[in-house]
Amino acid sequence: MTTLNLTINGQKHGPVEVRDDLSMNDFLREMLGMTGTKFGCGAAQCLSCAVIIDNPDGTSYTSPTCVVPAANFDGKAIRTVEGHARDGELSALQRAFIDHFAFQCGYCTAGFLNEGQVLLERLAKTPVAREQLETVIADALDGHLCRCTGYIKYHQAVRDVILADSKRYLTANK
């Protein structure tokens, strides 16, 4: 058994005893009732289960949860798909996903949304040139699998959010 303390979507959880072999996905879904994080392939290959890890320095990255023990998240601050909306309002990225119908079955949506959010945060700190945008989006979303082949719509939604606030995410044209 491991004692787990972590912050999820700004809320502290723990101390709570968890089995050493309990996956983070099972902890979120079964112990906390947070079912937005999906169990897809069970091998960390589809990334439907990806959550955002927030580093103390303000950077973030995604991590799979299906094969990673909950104990590995001890002391970390994470965000799940449930943490994107604020005061009942969807985030710009969530709205763009809906506007583009960037999901069909919705199974992979949480992973794509979390990865897209990490990209937006990275670009807000380090903007890129417009001509690099397609490659940057493709590289960021690479590895996330959609069984319904919604890739183009996910890419379009992320691109539209970036272009809608280009002064924030893109370098100025020279």
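These are my notebook entries on the sheet, the helices and two loop residues of a predicted model.

**Entry 1, the sheet.** I began with the strands and found that 5 of them form an open sheet, in the order β2-β1-β5-β3-β4, with mixed pairing. I noted that β2 and β4 (60-63) stand at the edges with a single partner strand each, so one side of each has no neighbour in the sheet. Neighbouring strands are turned against each other by 35° on average, with direction ignored.

**Entry 2, the pairings.** I then went through pairs of strands, keeping in mind that strands of a sheet pair through backbone hydrogen bonds, either parallel or antiparallel. Strand β1 (residues 2-8) runs in the parallel sense beside strand β5 (residues 77-79), and the two share 2 bridges; here I found T7 of the pair bridged to A77 in β5. For β3 and β5 I looked up an antiparallel pairing over 3 bridges, in which I53 stands opposite I78 of β5. The pairing of β3 with β4 is likewise listed as antiparallel, over 4 bridges, and there V51 is placed opposite S63 of β4. In the hairpin of β3 and β4, where 5 residues lie between the strands, I noted that G58 takes a positive phi near 95°.

**Entry 3, helices across the sheet.** Next I asked which strands α1 lies across. I found that they are β1, β2, β3 (51-54) and β5, and that α1 runs at about 75° to β1. Helix α3 lies across β3, β4 and β5, and its direction makes an angle of about 165° with β4.

**Entry 4, α3 against α4.** I looked at how these helices meet, and their axes come within 9 Å and cross at roughly 135°, which makes α3 oblique to α4. The crossing in which α3 passes α4 is right-handed. On the side of α3 the contact is made by F112, E115, G116, L119, R122 and L123, and on the side of α4 by V136, I137, A140 and L141.

**Entry 5, helix α5.** I checked the length of α5 (residues 151-164) against expectation: at 1.5 Å a residue its 14 residues should span 20 Å, and the end C-alpha atoms are 20 Å apart, which agrees. I listed its buried residues as Y154, H155, A157, V158, R159, V161 and I162. What covers these buried residues includes α2 (92-99), α3 (109-125), α4 (133-141) and α6 (166-169).

**Entry 6, S23.** I turned to the loop between β2 (11-18) and α1 (24-31), where S23 is found. Is S23 buried or exposed? Its relative accessible area is 9%, and because buried means under 20%, S23 is buried. Leaving aside residues up to four places away in sequence, S23 touches T65, C66, V68, P69 and A70.

**Entry 7, T37.** My last residue, T37, sits in the loop between α1 and β3, and it counts as buried at 1% relative accessibility. I looked up its separation from D26, which is 11 residues in sequence and 9.5 Å in space, C-alpha to C-alpha. Not counting residues up to four places away in sequence, T37 touches N25, L28, R29, C49, V51, T65, T80, V81 and E82. I noticed that V51, touched by T37, is the residue that stands opposite S63 in β4, and that T65 appears among the contacts of T37 and among those of S23.

Conventions
Residues numbered from 1 in each chain as written. Predicted model: local features only at pLDDT ≥ 70, side-chain atom pairs only at ≥ 80, totals over all residues. Heavy atoms only, no water. Expected span 1.5 Å × (residues − 1). Buried < 20%, exposed > 50% of the residue type's maximum accessible area, 1.4 Å probe, protein only. Contact = heavy atoms within 4.5 Å. Pairing = 2+ DSSP bridges. Axes fitted to C-alpha atoms, helices over the stretch in contact; angles between N-to-C directions. Parallel < 35°, antiparallel > 145°, perpendicular 65-115°, else oblique. Left-handed = near helix turned anticlockwise from the far one by under 90°.
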